[in-house]
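Hello,

Here is the structure I promised to pass on to you. Please have a look at the sequence and the model first, and then read my notes below.

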Amino acid sequence: MSNLQTTTKPTLAYVALALGVVGIIGGIFVPLAGWVLGLAALVTGFLTTKQPSLAKLGQIAMVIGFVAILVGVFFFSRTIAGGMA
């Protein structure tokens, strides 16, 4: 029997990071995009943390996803408050 080492590819972690960054940028212009992409970054980041070698990237992606949601909430609130004045 040969010892096969399984190498984990960080594709899912990079997707989670990209979703979070795009969510932050998109949340400025379309607040709903920040919510949706931020939530997607949270979920994919959480799935990434199940692999010990990628846990740190997953945690960073989750933080960035949370920030994307906050950016979306901020700009949504700003739009609503500006429309009422």
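Below is what was found, going from the whole chain to single residues.

Please keep in mind that this is a predicted model.

**The chain as a whole**

The chain contains three helices and zero strands, so its pattern along the sequence, by the way helices and strands are assigned, reads α-α-α. Of its 85 residues, 28% count as buried. The accessible surface is about 5800 Å², and carbon and sulfur atoms account for 75% of that. If you look at contacts with a separation of 6 or more, 67% of them link residues 24 or more positions apart.

**The nonpolar patch**

On the surface you will find a nonpolar patch of about 1000 Å². Its members are Val21, Ile25, Ile28, Phe29, Val30, Leu32, Trp35, Val36, Val73, Phe76 and Ile80. Which helices supply at least two residues each? Helix 1 (11-29), helix 2 and helix 3 each do. The largest share, four residues, comes from helix 1.

Val73 is a good member of the patch to look up. This residue lies in helix 3, which covers residues 55-84. With a relative accessible area of 37%, Val73 is partly exposed, because that value falls between the 20% limit for buried and the 50% limit for exposed. Another patch member, Leu32, is 41 residues from Val73 in sequence, yet their C-alpha atoms are 8.3 Å apart in space.

**Thr48, at the end of helix 2**

Helix 2 spans residues 31-48, and Thr48 is found in it. Is Thr48 buried or exposed? Its relative accessible area is 1%, so Thr48 is buried. The side chain of Thr48 reaches the backbone oxygen of Thr44 at 2.8 Å. Setting aside neighbours within four places in sequence, Thr48 is in contact with Leu12, Ala13, Leu54, Ala55 and Gly58. Of these, Leu12 and Ala13 have numbers that fall in helix 1 (11-29), while Ala55 and Gly58 have numbers that fall in helix 3 (residues 55-84).

**Gly26, in helix 1**

Gly26 lies in helix 1. Its relative accessible area is 17%, and Gly26 counts as buried because the limit is under 20%. Not counting residues up to four places away in sequence, Gly26 touches Pro31, Ala33 and Gly34. Gly26 and Ala68 are 42 residues apart along the chain, and 8.5 Å separates their C-alpha atoms.

**Ile60, in helix 3**

Back in helix 3, you can find Ile60. At 40% relative accessibility, Ile60 counts as partly exposed. Ile60 and Ala16 are 44 residues apart in sequence, with 9.1 Å between their C-alpha atoms.

**Aromatic pairs**

How many aromatic pairs does the structure hold? There are two. One of them is formed by Phe74 and Phe75, and this pair is edge-to-face, with 5.0 Å from centre to centre and 85° between the planes. Phe75 has a relative accessible area of 18%, so this residue is buried.

If you would like a place to start in the viewer, try Val73, which belongs to the nonpolar patch, and then turn to Thr48, which is buried.

Best wishes

Terms used. Residues are numbered from 1 along each chain as its sequence is written. This is a predicted model: local features need pLDDT of at least 70, side-chain atom pairs count only at pLDDT 80 or more; totals for chains, interfaces and linings use all residues. Side-chain values use heavy atoms; hydrogens and water are left out. Buried means under 20% relative accessible area, exposed over 50%, partly exposed in between (1.4 Å probe, protein chains only). A polar contact is a pair of N or O atoms within 3.5 Å; within protein, one must be able to donate a hydrogen and the other to accept it, and residues adjacent in sequence count only if both atoms are side-chain atoms. Contact means heavy atoms within 4.5 Å. Patches are made of residues with over 30% relative accessible area and no salt bridge: like charges are joined within 9 Å, nonpolar side chains (Val, Leu, Ile, Met, Phe, Trp, Tyr) within 5 Å. Accessible areas come from the Shrake-Rupley method with a 1.4 Å probe; for residues, only the protein chains shown count as cover. A salt bridge is a side-chain nitrogen of Lys or Arg within 4 Å of a carboxyl oxygen of Asp or Glu. Rings of Phe, Tyr and Trp (its six-membered ring) pair if their centres lie within 6.5 Å; planes under 30 degrees apart count as stacked, over 60 as edge-to-face and the rest as tilted.
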